[in-house]
Amino acid sequence: MPKCPTCARPVEWQDNPWRPFCSERCKLIDFSRWANEEYRVPGKEINPDEIVDHPAAGDSKAGEDIET
């Protein structure tokens, strides 16, 4: 039987509206962790000033409004 990712209790899968969690409480705890940015993908921090927008391939008027 699968385990709840929040509390590690066994999870009843069939007819469980909070699947993969065991309860609404565990689901909301997990959501709160995402909202508080506790879950992160490891990597190098990027300085927003160094981000360069590149036009799409073949797009000669990138960044301009196109009238249709």
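**Exercise 1.** In this predicted model, the side chain of Asn 16 reaches the backbone oxygen of Phe 21 at 3.0 Å. Determine where Asn 16 lies, which further backbone atom its side chain reaches, and whether Asn 16 is buried or exposed.

*Solution.*
1. Asn 16 is placed in the segment before α1, the helix of residues 24-35.
2. The backbone nitrogen of Trp 18 is also reached by the Asn 16 side chain, at 2.8 Å.
3. Both distances, 3.0 Å to Phe 21 and 2.8 Å to Trp 18, fall within the 3.5 Å limit for a polar contact.
4. With neighbours up to four places away in sequence set aside, Asn 16 is in contact with Val 11, Phe 21 and Cys 22.
5. The relative accessibility of Asn 16 is 13%; buried means under 20%, so Asn 16 counts as buried.

**Exercise 2.** Classify the geometry of the aromatic pair formed by Trp 34 and Tyr 39, and state the exposure of each residue.

*Solution.*
1. The count of aromatic pairs comes to one.
2. In that pair, the ring centres of Trp 34 and Tyr 39 are 4.8 Å apart, with 65° between the planes.
3. Because an angle over 60 degrees counts as edge-to-face, the pair is edge-to-face.
4. Trp 34 has a relative accessible area of 52% and is exposed, whereas Tyr 39, at 33%, is partly exposed.

**Exercise 3.** Describe the chain as a whole by its secondary structure, burial and surface.

*Solution.*
1. The chain contains one helix and zero strands.
2. Of its 68 residues, 10% count as buried.
3. The accessible surface is about 6,600 Å², and carbon and sulfur atoms account for 50% of that area.

Conventions:
Residues are numbered from 1 along each chain as its sequence is written. This is a predicted model: local features need pLDDT of at least 70, side-chain atom pairs count only at pLDDT 80 or more; totals for chains, interfaces and linings use all residues. Side-chain values use heavy atoms; hydrogens and water are left out. Helices (H or I, at least four residues) and strands (E, at least two) are DSSP runs, numbered from the N terminus. Buried means under 20% relative accessible area, exposed over 50%, partly exposed in between (1.4 Å probe, protein chains only). A polar contact is a pair of N or O atoms within 3.5 Å; within protein, one must be able to donate a hydrogen and the other to accept it, and residues adjacent in sequence count only if both atoms are side-chain atoms. Contact means heavy atoms within 4.5 Å. Rings of Phe, Tyr and Trp (its six-membered ring) pair if their centres lie within 6.5 Å; planes under 30 degrees apart count as stacked, over 60 as edge-to-face and the rest as tilted. Accessible areas come from the Shrake-Rupley method with a 1.4 Å probe; for residues, only the protein chains shown count as cover.
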